[in-house]
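Colleague: I should like to go through the side-chain pairings and the core of this model. Please reason through each reply before naming the value.

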Amino acid sequence: MTLTNIFVFALVGAAVGIPGFAAGNSGEELALTPPMGWNDWAHYQCEYTAQTILTNARALVKTGLAARGYKTVTIDDCWMQKDRDSQGNLQADPQRFPQGMKALANAIHSMGLKFGIYEDSGYATCGGFAGSGVPNGGGKAHFSQDARLFASWGVDYLKLDGCNVYIPPGSNKVKARHKAYSAESAALKATGRPIVFSESATDCCRFDPYYYDVLSWVGQYGQLWRIGNDVATFRASHPDRPRFHSVLWNYAVNLQLGRFQKPGNWDDPDFVIGGDSGLSLAETRSQMALWSMMSSPLNLSSNIGKLSSEAIAILGNKQVIAIDQDPLGKMATLVRRTPVMDVLFKRLDGDEYAVAVLNHGSSTIQVKLHPVEFGFSTNKACRLRARNLWSGTHSYSSLLSANVASHDTEIWQMRASSSCGVPTRTGAIVMVVPPGKHWRQKHPNERHPGIQEYGRCLAAPGHVGACTGAAAERWTVTPEGLLKSGEHCLAVINGKVVMQSCSTGSTEHWKYNLAGNLIDSGGQCLSTSDDKDRVQSLSIQTCGHNPPNQIWSLPN
């Protein structure tokens, strides 16, 4: 399957995503729910030893977080030496790991945990240590040799970064990385040991054609892949510097990529740093709720032994973790976005649903959410039986309501009464565009713009602009392929995009593909003008190779 494969909406609604699972090394499917564990990078970077790793592993067990699912302990960059031994094998840094990697893996396994390790698909890691890939200038890669070594050590999880990949003459970055990650996948399978494969094959967040090309094939080789920038790391010299902005940016990027995700294939918006320095308890609740609503991997990256009891309670909340680990593996739908608030809706297994409200503004907000916003019937008898997963309080009402503090996120699990019917695919349709030129001019060194700087909302009667949360930004995607707002549908008449009364005419039928294109009955793509800093008009144009003005994210 390639980016040109097209699915009608009825199929997309059921299971759009990258084809196939990346099967385990014995043929079984791995990571059918999002992986959970701990990684050293966001807190320690290269400042760690074997003792650091073991101390945090013991803390996972002691705090009860391991019992809640955080079981894979992964070492990131800098564990190895810059040179291989005379047989070409990787060498652990003897100062950091005097007993070697197998002894460390055995110690972690003895705690009932799993062991993960880091390598790179290039000739050197991002930190400049020995990589697994083709040497600079050409030669033989070490994927098979390293995979056998990892299996002999007892590795259960491999994170393969994407720095310093050698691009031979006549090739390009896409082909070189594709070849590297394919080779690593095959090498892992050949070991016969089940090893979860985490890929870092994209360069975030350029959103050039290459970005979506890579997303079209990563799921064939691994179980999860990095999305977004690295979250802001802990700095001992400035421990209290704010880090929540990086969490929000990765959330905003990841939320628009649900079409690539399903059980066994996970978009990964990077580490959970909740509870660590630089995030408040409210911000910790937000990251935990948002990552769980997106069915994201939950890999903690902090000093576990220093977490407060309040932070541990948030990170270990069984009900919120269950939302993340729900077997349907659905990405949440963006129901509504305002300058200060996001409303999310997620379908769960067993006719249950989850709702979350993020307040990314500076003041407390009051929210009232009606069932129709989630795609339920307008029947006045419709009632929602909900439980707030932070407070544990229950409600049974015709709406959900709450006061949400600044930078906090409320999250509910709920059932709908029979009079509500089955929810339609309803929510915002977002044009996935990076921040515009005016923002970049004002903030040339900023890597993590605000949520409002990422993406624009489609609004009736047919334009794209900053999301406001207005009713005109609420769309229903019908099984027939209609895009409906109110009583009108988006259509193409005489080459122009218009809103008209809904019918069954072909001018109103749209198809959606893995690249994120909305394609009309004539085979052309819904597009916008190129100016990202103002309201954009709609047009119908020849489909290009992943241009930003033709990439859309639809309700799931």
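Colleague: In the salt bridge of D156 and R193, how many residues apart in sequence are the parts that the pair ties together?

Modeller: In this predicted model, the side chains of D156 and R193 meet at 2.7 Å, N to O. D156 lies in the loop between α5 (143-153) and β5, and R193 in the loop between α6 (173-191) and β6 (196-199). The pair therefore ties together parts whose separation in sequence is 37 residues.

Colleague: Is R193 buried, partly exposed or exposed?

Modeller: Buried means under 20% relative accessible area, and exposed means over 50%. D156, at 13%, counts as buried. R193 has a relative accessibility of 24%, so its class is partly exposed.

Colleague: Which residue meets D76 in a salt bridge?

Modeller: D76 lies in the loop between β3 (72-74) and α4 (101-110), while its partner belongs to strand β5 (residues 157-161), so the pair ties together parts 83 residues apart in sequence. Both residues of the pair are buried. The N to O distance is 2.8 Å, and the partner is K159.

Colleague: Which residues are linked with R226 in a network of salt bridges?

Modeller: The structure holds 11 salt bridges. Side chains of opposite charge can pair when their charged atoms come close. In the network that includes R226, the linked residues are D230 and D270.

Colleague: Turning to the disulfides, what is the handedness of the link between C457 and C467?

Modeller: The sulfur atoms of C457 and C467 are 2.1 Å apart. C457 lies in strand β20 (residues 456-459) and C467 in the loop between β21 (463-465) and β22 (475-477). The torsion about the S-S bond is about 95 degrees, so the disulfide is right-handed.

Colleague: For the disulfide of C46 and C78, what is the relative accessible area of C78?

Modeller: This pair, with S to S at 1.8 Å, links C46 in the loop between α2 (41-44) and α3 (50-63) to C78 in the loop between β3 and α4, 32 residues apart. C46 is partly exposed, with a relative accessible area of 21%. C78 is buried, and its relative accessible area is 0%.

Colleague: Which helix contributes the largest share of the largest nonpolar core?

Modeller: That core has 107 residues, and Y70, W79, M101 and L104 have the most contacts inside it. The largest share, eight residues, comes from residues 244-255, that is, from helix α8.

How values were computed: Residues are numbered from 1 along each chain as its sequence is written. This is a predicted model: local features need pLDDT of at least 70, side-chain atom pairs count only at pLDDT 80 or more; totals for chains, interfaces and linings use all residues. Side-chain values use heavy atoms; hydrogens and water are left out. A nonpolar core is a set of buried Ala, Val, Leu, Ile, Met, Phe, Trp, Tyr and Cys residues joined through side-chain atoms within 4.5 Å. Buried means under 20% relative accessible area, exposed over 50%, partly exposed in between (1.4 Å probe, protein chains only). Helices (H or I, at least four residues) and strands (E, at least two) are DSSP runs, numbered from the N terminus. A salt bridge is a side-chain nitrogen of Lys or Arg within 4 Å of a carboxyl oxygen of Asp or Glu. A disulfide is a pair of cysteine sulfur atoms within 2.5 Å.
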